[in-house]
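Q: I should like to learn how the features of a protein model are read, one at a time. Could we take a structure and work through it together?

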Amino acid sequence: MTWLDAELNCLHLGGNLVSEHSEDEHQFLKELHKRHDPKNGPFWIGLSDTHKEKTWLWSDGTSATAKGDFLRWNPGEPNNYRGKEDCVHSNYGGPKGWNDASCNSKYPSICALRLND
């Protein structure tokens, strides 16, 4: 799915595209994805700067640009290649970190659902 279609799917299920707030979460999500994708390629996460360039926000409303926020960008990223990369996938390339990509590209995704008390 595209990033937006993946986020809308997660919203329909009662959540958002997953956020990564620690190295432990990053590693857990990579392992979870690996179990379901034999190619072990990239997957959408809920990070984008679609509202304002270089202001990264998680689709669940949490920040990714405040001091101390967890970041897992691959070397040289985000690079906004050709000015058209506003959404983020994880598990990309050799370092298996974050890469900004075109929101219209199609990748698998992971949703995080909200639990009701």
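A: Let us do so, beginning with a single residue. This is a predicted model, and in it Cys 111 counts as partly exposed because its relative accessibility is 25%; the class of partly exposed residues lies between under 20%, which is buried, and over 50%, which is exposed.

Q: Where does Cys 111 lie, and which residues does Cys 111 touch?

A: Cys 111 has its place in strand β6, residues 111-113. When residues up to four places away in sequence are not counted, Cys 111 touches Asn 9, Cys 10, Leu 13, Asn 16, Leu 17 and Val 18. A separation between C-alpha atoms can also be read against the distance along the chain: Cys 111 and Trp 44 are 67 residues apart along the chain, and their C-alpha atoms are separated by 9.2 Å.

Q: How is a sheet read, and what is the order of the strands in the open sheet here?

A: Strands of a sheet pair through backbone hydrogen bonds, in either a parallel or an antiparallel sense. In this model, an open sheet of four strands follows the order β3-β2-β4-β5, and its pairing is antiparallel. The edge strands, each of which pairs on one side only, are β3 (57-58) and β5 (97-101).

Q: How many bridges join β2 to β3, and how many join β2 to β4?

A: Strand β2, residues 43-48, is joined to β3 by two bridges, and Leu 47 has Trp 58 in β3 as its bridge partner. Between β2 and β4 there are three bridges, and these strands run antiparallel; Ser 48 stands opposite Cys 87 in β4. The pairing of β4 with β5 is likewise antiparallel and extends over four bridges, with Val 88 opposite Asp 100 in β5.

Q: Is β4 largely enclosed or open to the outside?

A: Burial can be read for a strand by counting its buried residues. Strand β4 is largely enclosed by the rest of the structure, because five of its six residues are buried.

Q: Which helix packs on the sheet, and which strands does that helix touch?

A: Packing is read from contacts and from the angle between directions. Helix α1 (residues 3-13) packs on the sheet and touches β2 and β4 (87-92). The direction of α1 makes about 90° with that of β2.

Q: Which residues form a nonpolar patch on the surface?

A: The patch consists of Leu 4, Leu 8 and Leu 11, which together have about 280 Å² of accessible area. Of these, Leu 8 lies in helix α1 and counts as partly exposed, because its relative accessibility is 46%.

Q: How should backbone geometry be read, and which residue other than glycine has a positive phi near 55°?

A: Most residues other than glycine have a negative phi, and most peptide bonds are trans. Here Asn 40 has a positive phi near 55°. Asn 40 lies in the loop between α2 (23-36) and β2, and it is buried because its relative accessible area is 17%. Leaving aside neighbours within four places in sequence, Asn 40 is in contact with Lys 30, His 33, Lys 34, Asn 91 and Lys 96.

Q: What is the phi of Arg 82, and is Arg 82 buried or exposed?

A: Arg 82, although not a glycine, has a positive phi of about 55°. Arg 82 is found in the loop between β3 and β4 and counts as exposed, because its relative accessibility is 68%. A glycine case is Gly 93, which takes a positive phi near 65° in the hairpin of β4 and β5, where four residues lie between the strands.

Q: Where is a cis peptide bond found?

A: The angle to inspect is omega. A cis peptide bond joins Glu 77 and Pro 78, with omega at about -5°, and Pro 78 lies in the loop between β3 and β4.

Q: How many salt bridges does the structure hold, and which side chains meet in a salt bridge?

A: The reading rests on the distance between nitrogen and oxygen atoms of charged side chains. The structure holds one salt bridge, in which the side chains of Arg 72 and Glu 23 meet at 2.9 Å, N to O. The pair links distant parts of the chain, with Arg 72 in the loop between β3 and β4 and Glu 23 in helix α2, 49 residues apart. Glu 23 counts as partly exposed because its relative accessibility is 31%.

Methods: Residues are numbered from 1 along each chain as its sequence is written. This is a predicted model: local features need pLDDT of at least 70, side-chain atom pairs count only at pLDDT 80 or more; totals for chains, interfaces and linings use all residues. Side-chain values use heavy atoms; hydrogens and water are left out. Two strands pair if DSSP finds at least two bridges between them. Contact means heavy atoms within 4.5 Å. Axes are lines fitted to C-alpha atoms, for helices over the stretch in contact, and angles run from 0 to 180 degrees between N-to-C directions. Patches are made of residues with over 30% relative accessible area and no salt bridge: like charges are joined within 9 Å, nonpolar side chains (Val, Leu, Ile, Met, Phe, Trp, Tyr) within 5 Å. Accessible areas come from the Shrake-Rupley method with a 1.4 Å probe; for residues, only the protein chains shown count as cover. A salt bridge is a side-chain nitrogen of Lys or Arg within 4 Å of a carboxyl oxygen of Asp or Glu. Buried means under 20% relative accessible area, exposed over 50%, partly exposed in between (1.4 Å probe, protein chains only).
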